[in-house]
Structures are given as structure tokens and as C-alpha cells.
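This report describes selected features of one protein model. It moves from an annotated region to individual strands, helices and cysteines.

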Amino acid sequence: RVPQVLPSAEEMAELYRELSRHPGLSAACLGPDVTTQYGGKYCSLYTEWSQRDLARAENVKFCRQYLIFHDGASIVYSGPAGTCSEIKDELLSRESPSGALKAVLRKVPGKEKEKEKQFLEVWDQNRKVKSIDLMALEKHGSVYDDGEGPGGVQGDGGSWGDGVDGACHTPADQFGCLAWSHSETHLLYVAEKKRPKAESFFQSKAPELGSSDEDTGRPEKDVPLKVGSPRPGGGGGQLDSHRADRAVLQGEQFVYHEDWGETLSTRSVPVLCALDIEGSSISVLEGVPEHLSPGQAFWSPGDTGVVFVGWWHEPFRLGLRHCTNRRSALFYVDLTGGRCELLSEDTKAVWSPRLSPDRCRIVYLENDALGPHQQCSRLRMYDWYTKQTSTVLEAVPRQVWGAFPGIYCGALPGLCWAADSRRLVLDTAQRSQQDVFVVDTVTGATTSLTADAPQGSWSVLTIDRDLLVASFSTPDCPPTLKVAVLPDAGQEVQARWVCLQDAPPVPGITWSIRTLRPPPEQEHPQYGGLDFDAILLRPSEGPAAQKPPLVVMPHGGPHTVFTAGWTLYPAALCRMGFAVLLVNYRGSLGFGQDSVASLPGNVGTQDVRDVQLCVEQVLQEETLDAGRVALVGGSHGGFLACHLIGQFPDTYHACVVRNPVVNIASMVTTTDIPDWCLTEIGLPYLPDALPDPAQWTEMLRRSPMRYVDQVRAPVLLMLGEDDRRVPPKQGLEYYRALKARGVPTRLLWYPGNGHALAGVEAEADGFMNIVLWLLKHLRC
């Protein structure tokens, strides 16, 4: 009998508890420089971290401050200042440009049966100077925060590590922002538009209901304001002449309001709002066309208006989270007259606009509208004064070592510009790792800032006055905090990283990246010569280290990537004695746009064969137990796992899937991303087109359900009740099909959880059930 991987559930739970305590870095902010009496300079570094608290079953945020002494060219000394402290109920926070003030959006639980409130606070160096109850003003609905779904931990790759069908790292809220005006007198944010009150046709009516507000002496409420002065908010604005939204509407309580899908179900009609800090008055800005949803906004140069990204929501809204292919454009709305001006092409998908320190240029990311949800992006730049747009970086067809791999990221860093207003810093996937690059926006030249650094996953947190802050992790080392001074132009390769907050490697894990080439008969006819990677984690100690069982994890998306960074589930599985294989099949990000383009039309074949080839090769080359191989995958990774146990039933002996796609034909009418279903099987998506019988047949032919009769491996299904992306009916369909065929099957159903199963309780329970399922059915 093979020795057990771990002897008891208690030990497994303790190991998970220990590893889940490693926090992820979520934000960083540099304070202004201070000159000492001896002429030296230092600044403070404020950092926010995110950590799972299993006892409270929630994700907690905490902050820690550091001091950085520098001479403008290098870090002289750095170290922590004080201890950590938990951040309570902060939804958003932003330092003002000078660093003298800080704005905080805070949620406050309502008393007794009252709804939760939101307060916008302004702090100076020593105290809170403003606290405004936004709900009491009744100008808008809830403010959009940096929501990431319930309980998810930003910065550590989540638990499954597949970005939940996202890019290399999790973007902030799709719309949300909290932006200071350059004069530091106003704050800009995005909120849900206030809806008129609705009631039944049979509601009892108060006698004064028909009276006007003027007759009853009621204050003006619920009225969008037009800012009527050259400076935003001056004079309190002008009242909108339309008063219909103040009426009580009958028979409207149950009207359906479209939303923006997975994790954005409370986002329907966003509006731009400005707070005049001195007057404590709020204006709902006018001029945004009604067919657009605005977000990611900031004040224009001179504070004359607002620049924002607008997403088209006609003819209907599609899921937006992790979808960088939705038609959108960059706009400017002038505050003096409400005039709205288009700043970019209106046929593309754009996001992540960032204004240069000299307030002359705006860079942003751009993809083609529709097509794959994630792809290699273009970097575009708009000159505020010449009104000209240029392309700084094009999409890269093929990744070549030593050359820039292309841009694959959910968002640019909030602060990404160097002090010269010419260069900017970003991180991007480079095959199976993530690196930091500096880009010259004039010449398009790129230089790696991590080429000589250890292999792993780097993420830029911020850059300010050429002080650069980043996070670094590897599969066996949780996130660490790094700082560097960006060298002068042309000297960037001399960048030297200093570790500010170390995390010791987790013992017992070794890892490596291997490259694979498909055999000639599996080459893509149009995109030949593509290769792909896999990251293998192996236990390096204990009795099972000689010939451990293998857990194969293909990522979701399919257009995302496993980078060589810290991910909870693979690390914990490896510490428990399993080898873990993370496969970046063709179609993954970081390998060039050709790799992305090779997969649509070939899902269920090319990606499945790549994973199987990788498994067979690793089993040949490594001392692993070929009789104990299991699959674990979520979303498209679940799609691949279900395909593999059906197409190669002799290879796999257990399977665990989170919210898997099992039947594209039944998913297309229920998901928030119907375009995905058509695009990935190689068909064009048109909102008004209905699939014909041949297309329905092709969707079914590409689905794992086609192979359900050949499945023998026991299957554990984990489904989120609130999943909008791959609705749980998909998993239920597979569960019933397996049960009817006598395949050992178990289903876990998680209320209050969406596609990611990111709730702390669901994540922890899921892990324990995964391990117990693998131990049972791999005979460990």
C-alpha cells in the first residue's frame, strides 16, 4: 500500500491555515519627499495588504508604513516604520497630488433596520476634516468601489491562480475611481444613477401626493446637477429642467434593469459625480451620452472637465469583468457647457487611461472590439494639446526572448509614468513569468527592469518621482515588497531592487518551467511553430517525494496564463505531497498574439491535446506515479478537465472541477458572455443573430458532454450559486449525466459565491474537499 500523503484531516487543515495566512500586496502609495537637516531625502511608503482570516471567514485588509531614504539615484536605507494595523470598512482611498490630504470612501453599517451607509471623508495630516453622508444627500445610488467579488484576495493570484478567466493580475473595479482635482478642491467618483421611486398601482396614496414640491415646501432632491461655472462645483450648479425622475412611478417595481454581469451585478447605470470639498455639495455631471456607461475617470488638465472611458451598452450589456474586448472609447466632458468630445477611435475597446505628470499626454490600452476576451494589447497615447493620437506599442505576433513580449494586463498601474513624463512602467506576462518593463513613449523602446532579477512573477504597484514599488513572488515564495530607483533614460538596465518586506520561501517545494512543442500533426495550419510552457511543482521532502501522485491544473480563460508566482492551492497541494502541473497550452497570454489567435475554432482539441502531451511527457521524464494522476480545473480549466477524463479515460483517476463549461450549446443562452461561446468555437458573434442548427451542433461537438459516456474517473463538482459567467446549471447538467451512468460523483453548492468561489469560507472548504477527494480516489 502506498504511504499516505498526509495522515489526518487535522494536519491538512493546519497546513492550509498556515499557508493561507500569507498576505498579498494590494496597493502602495509614496508620500512627499522630506529633506533632513543633513541634506538627505526620505519619504514614507504606505502599503495595503490582503489576508484571509479563516476564524472570521472573511478577507481582511491591513496597512503598514515604511521609510525610504534615497539620494535620487539609489536607495540608501529602507525599513518598516511601526507595526501593521487593520483597515476597517474602507472601500476606496486616494492621496491628493501634494500628499497633504487623503480621501476615503467608507461603508458604515446602518443602525437597526437602516441600510448600510457610505461616507466620503477627507483627512489632513492630523485629523479628519470632512465626513459626508453620501446616502443622505440622495443625489445618486451606491458609489462604485474597488470591488473584487466576495472575499477574493488581490495580489496573490487567488487560490486557483487562473485569474478567473482574467489576465495576469486582477484589475480594480471596472468603473470605479476616486480622483482628486489638480487644485485639490474637488473629488470625482462613479456611482449608480438614482432611480425614481416605484410603487404598485394599488398603493394607498397620501393626500398631498399630487401637490408640487414648491407647495409642500419640500427640498429639491434626486435632481442631476449641471456644473455651470468654469471651476467645477462653483455656485452649486444649475438644476436640470427635467423633473420626471422625482415623480413616483406606478407599476415599475419589477422592471428589469440590465447589469454588467459577473461581479458587477449592482452596476447598471453609472454616473460621474463631483464633490466640492469646501461647500460639501455634490454634482451629478451632465453631458455623458445616454448610450454609454462612464468609468475610470479623472480630471482633465486645468480641471476644465473630466476624461473617462465610456462603454457602449446598446443593444444590451454583456459581461464586462475580465473582458477587455467590449466596445468602448475615451471621452472628455467639458464642465462649462456639458459638451462631450470623443478622444479615441469609437470602434475599439479601450481602458486604463493614465495622465502624464506634466498633464500633456494620456496613455491607454486598446484591443479590437469582440474576438477573444483577452489578447495582446496596443499601447496608445493622446496628446492633449495637439489632439493627435499615436501608437506607442503594437501587438506582438510572436514572443522572442530578449525582445518585448507584448502587453497582457488587466490594467496599467494607477501611477505608471516616470517623472520625465516620457517613460512609463508596466508589468506583463513573458511566457510563464511576469516581468517589469519601462517604455519610452516617444521612440517605443522597451527595457526590462527585471531581466537580471530572479525568475518569478513581478507586479508594479506604483511609481512616483522615479521611486518604483513592486511585488515579487514565486510558486514557493509568497509576495515580497521590492523598491528601486528608476535610472535615467538609457541606463534602465542598471536598476537595482531592494527588498523592503521579505517572505521566507515555503520549505518542501521545488519548481521549474519547461517548454513543449506539439508534434507535426498537431501544428496549427495557419500559426505553425508555436510552443507552450508548463510549470511543475514537486515536493522535495517526505516519503512521497520519491514518486508522488500528479495533479494536473489547466488554467481558465482560455486566454489567460499561469505565471510563476505564489498561488495558494498549488503550493498547499505540493506541501501535502502532490506534484502539481500548471499547463499554459497554446492560446495562453504571454506567448504572442499568434498563440492567442490559434485557439478560437480549436477549443476541445488543440488545448486538450496540448495538456495531454504535457502530461505524457512529464510522466516519462519525471519520477511520478503514473497510476495516480488527477485533474483539477476551474471554468475553461474545468472544460479541459472534463474533456480529458472523457477523451483519455485511462490516464486520469480522479477529477475536481469548479464551475466548469460542459455544454457550450446550453450555456450560450444563459451566460453573461454569449460572445465567448461563439468566438471560441470559431464563429463570429452578432448580437441579433440566432445560432442555426449547424452552429448548435458545432457547440455541442466542442463540448465535454460529448464524451460523458467514456468517463470513469470519480468527479467532484464545486458550483457557485451566483455564478453569472458559467451558470451552475452547467455543472448540474454534468452531475446528472454522470449519476445516470453510475460514475462516482459529488457536488458542492456554494450560496453567495460567484464564478471564482472566492469567498474565504468556500475557498477553504473547497480545498479540504479537493484534498480528501484526491486522497480517497488516488488511493493515497
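## The annotated region

In an unreviewed UniProt entry, residues 255–498 carry the annotation "domain: Acylamino-acid-releasing enzyme N-terminal". The model examined here is predicted. Within it, the span 255–498 is 0% helix and 45% strand, and its end C-alpha atoms lie 56 Å apart.

Arg321 is placed in the loop between strand 19 (305–312) and strand 20 (328–334). Arg321 counts as buried because its relative accessibility is 3%. Its side chain makes a polar contact of 3.3 Å with the side chain of Thr263.

## A four-stranded open sheet

An open sheet of 4 strands, paired antiparallel, follows the order 22-23-24-25. Its edges are formed by strand 22 (348–355) and strand 25 (389–393); each has a single partner strand, so one side of each lacks a neighbour in the sheet. On average, neighbouring strands of this sheet are turned by 30° against each other, direction ignored. Strand 22 is joined to strand 23 (residues 361–368) by 6 bridges in the antiparallel sense. Val350 has Glu366 in strand 23 as its bridge partner.

## Strand 36 and its partners

Strand 36 (residues 579–584) has 6 of its 6 residues buried, and is therefore largely enclosed by the rest of the structure. In a regular strand, side chains alternate between the two faces of the sheet. Here Ala579, Leu581 and Val583 point one way, whereas Val580, Leu582 and Asn584 point the other way, and all are buried.

Two pairings of strand 36 can be described. Strand 34 (residues 532–539) runs antiparallel to strand 36 and is joined to it by 5 bridges; Ala534 stands opposite Val583. Strand 35 (residues 550–554) pairs with strand 36 in the parallel sense, over 5 bridges, and Val552 has Leu581 as its bridge partner.

## Two helices

Which residues of helix 6 are buried? They are Gln606, Asp607, Val608, Asp610, Val611, Gln612, Leu613, Cys614, Val615, Val618 and Leu619. The 16 residues of helix 6 (residues 606–621) should span 22 Å at 1.5 Å a residue, and the end C-alpha atoms are indeed 22 Å apart.

Helix 12 (residues 760–777) has 18 residues and reaches 26 Å from its first C-alpha to its last, close to the 26 Å expected at 1.5 Å a residue. Of these 18 residues, 14 are buried, so helix 12 is largely enclosed by the rest of the structure. Just after helix 12, Arg779 takes a positive phi of about 55°.

## Cysteines

A disulfide is a covalent bond between the sulfur atoms of two cysteines. How many disulfides does the structure hold? It holds 0. The table lists the closest cysteine sulfur for two residues.

| Cysteine | Closest cysteine sulfur | Sulfur distance |
|---|---|---|
| Cys340 | Cys177 | 15 Å |
| Cys642 | Cys655 | 5.3 Å |

Why do Cys340 and Cys177 form no bond? The sulfur of Cys340 lies 15 Å from that of Cys177, which is too far for a bond. The 5.3 Å between the sulfurs of Cys642 and Cys655 is also too far for a bond, given that a disulfide requires sulfur atoms within 2.5 Å. As to their surroundings, Cys340 is partly exposed, with a relative accessible area of 26%, while Cys642 counts as buried at 0% relative accessibility.

Definitions and conventions: Residues numbered from 1 in each chain as written. Predicted model: local features only at pLDDT ≥ 70, side-chain atom pairs only at ≥ 80, totals over all residues. Heavy atoms only, no water. Buried < 20%, exposed > 50% of the residue type's maximum accessible area, 1.4 Å probe, protein only. Polar contact = N/O pair within 3.5 Å; in protein donor to acceptor, adjacent residues only side chain to side chain. UniProt positions renumbered as here; feature names shortened; annotations may be inferred. Expected span 1.5 Å × (residues − 1). Pairing = 2+ DSSP bridges. Axes fitted to C-alpha atoms, helices over the stretch in contact; angles between N-to-C directions.
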